[in-house]
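Subject: The structure we talked about

Hi,

Here is the structure I promised to pass on. Have it open while you read, and my notes will be easier to follow.

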Amino acid sequence: MTRRRRVLAAICAIIAVALAAAWLLWSNPEPSRSQAWPLVTLPTIAGPTAKPNVCEQEPSSEPFTPTRIDIDHIQARIPVIALGRDGNNVPSVPPISNVGKAEFAWDKPPGLMPGSPKGNVLLNAHTWPDGSALGNRLLAKLKVNDKIAVRGDSTHLCYRVTEKIEVVASNGFPAYYEREGDPQLAIIVCSGTRLGPGHWTKRTIWFAAPITA
């Protein structure tokens, strides 16, 4: 048989197999359980609020640097940036930008770390007048008993919101800076009436205690 005939014969064989398969599919559109073809499982694409339930896993037993935060009903993988304090010894806030409005600022050491045995881990976020910042979502949705999962590079610690309060900004709130009491998160955002850039009449603070079991 010449090379050309062998090629033509191979092509004809392929066509015959394809036609036979098509006939089987047409004549048996619903294969029985024993005839069913193997299924291909496609990977699940995680959305912005999808996350594993890390709070059922073993938590960190040591202080750690937070890098992202998951909050029930709000958002997963919220970035956390470590910042120092300004000249008035006040924890710095995220940048005034489209990136910064979606981040938490953490008061890095000498501020306290998640997993510290006592005192408040200080976090803050922006509130924007158009309602588009992380602080706006917290004001709308973060409630007492909600879970917060604070994650590090290879560890985590979960908290449950125990208290939400609103205070007059001009009065301050020294308890936010507590370093000797029970360990907890203290998250603060601007609230009330906006009087000008960065100038709001009130502050809303959430306290959250570690989940130990």
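Below is what I found in it, going from the whole chain down to single residues.

First, a caution. This is a predicted model, so please read it with the confidence scores in mind. The average pLDDT over the protein is 81, and 73% of the residues score at least 70. The weak part is residues 7–52, where pLDDT stays under 50. For that stretch the model has 17 contacts beyond four places in sequence. Where pLDDT is low, the predicted coordinates should not be read in detail.

**The overall build**

There are two helices and eight strands. Going along the sequence, they come in the pattern α-β-β-β-β-α-β-β-β-β. The eight strands close into a barrel, in the order β1-β2-β3-β4-β7-β8-β6-β5, with mixed pairing. From one strand to the next, the twist averages 35 degrees.

Some totals for your notes: the protein has 213 residues, and 33% of them count as buried. About 13,300 Å² is exposed, with carbon and sulfur atoms supplying 58% of that area. If you take the contacts between residues at least 6 apart in sequence, 63% join residues at least 24 apart.

**Around the barrel**

Strand β1 (residues 68–71) pairs with strand β2 (residues 75–83) in the antiparallel sense, over three bridges. Within that pair, I69 has I78 of β2 as its bridge partner.

Further round, β4 and β7 run parallel and are joined by six bridges. Here A125 is bridged to V189 in β7; keep those two in mind, as both come back below. On its other pairing, β7 runs antiparallel to β8, with nine bridges between them. β7 and β8 form a hairpin with two residues between the strands, and G198 in the turn has a positive phi of about 70 degrees. G196 stands opposite H199 of β8.

**The second helix**

What does α2 lie across? It crosses β1, β2, β3 (104–107), β4 (120–125), β6 (156–168), β7 (184–196) and β8 (199–210), and runs at about 105 degrees to β7. Its buried residues are L134, G135, N136 and L138, and the buried residues of α2 pack against β1, β2, β3, β4, β7 and β8.

Two of these are worth a look on screen. G135 is in α2, which covers residues 134–141. Buried or exposed? G135 counts as buried because its relative accessibility is 0%, and the cut-off for buried is under 20%. Setting aside neighbours within four places in sequence, G135 is in contact with A125, H126, T127 and V189, so you will find the A125 and V189 pair again there. G135 and F104 are 31 residues apart in sequence, with 9.1 Å between their C-alpha atoms.

The other is L138. Not counting residues up to four places away in sequence, L138 touches I71, I74, F104, A125, I187, V189 and W206. L138 is also among the residues with the most contacts inside the largest nonpolar core, along with I71, F104 and I148. That core has 24 residues. A second core, separate from it, has eight residues, including L122, A186, I188 and F207.

**Loops with unusual backbone**

A few spots to check by eye:

- The peptide bond from P109 to P110 is cis, with omega near 20 degrees. P110 is in the loop between β3 and β4.
- N89 has a positive phi, near 65 degrees, although N89 is not a glycine. N89 belongs to the loop between β2 and β3. At 49% relative accessibility, N89 counts as partly exposed, because exposed would need over 50%.
- N145 is another residue other than glycine with a positive phi, near 85 degrees. N145 sits in the loop between α2 and β5 (147–151).

If you have only a few minutes, start at G135, with its contacts to A125 and V189, and then move on to L138 and its contacts with I71 and F104.

Cheers

How values were computed:
Residues are numbered from 1 along each chain as its sequence is written. This is a predicted model: local features need pLDDT of at least 70, side-chain atom pairs count only at pLDDT 80 or more; totals for chains, interfaces and linings use all residues. Side-chain values use heavy atoms; hydrogens and water are left out. Helices (H or I, at least four residues) and strands (E, at least two) are DSSP runs, numbered from the N terminus. Buried means under 20% relative accessible area, exposed over 50%, partly exposed in between (1.4 Å probe, protein chains only). Contact means heavy atoms within 4.5 Å. Two strands pair if DSSP finds at least two bridges between them. Axes are lines fitted to C-alpha atoms, for helices over the stretch in contact, and angles run from 0 to 180 degrees between N-to-C directions. Accessible areas come from the Shrake-Rupley method with a 1.4 Å probe; for residues, only the protein chains shown count as cover. A nonpolar core is a set of buried Ala, Val, Leu, Ile, Met, Phe, Trp, Tyr and Cys residues joined through side-chain atoms within 4.5 Å. pLDDT is the predictor's confidence in each residue, from 0 to 100.
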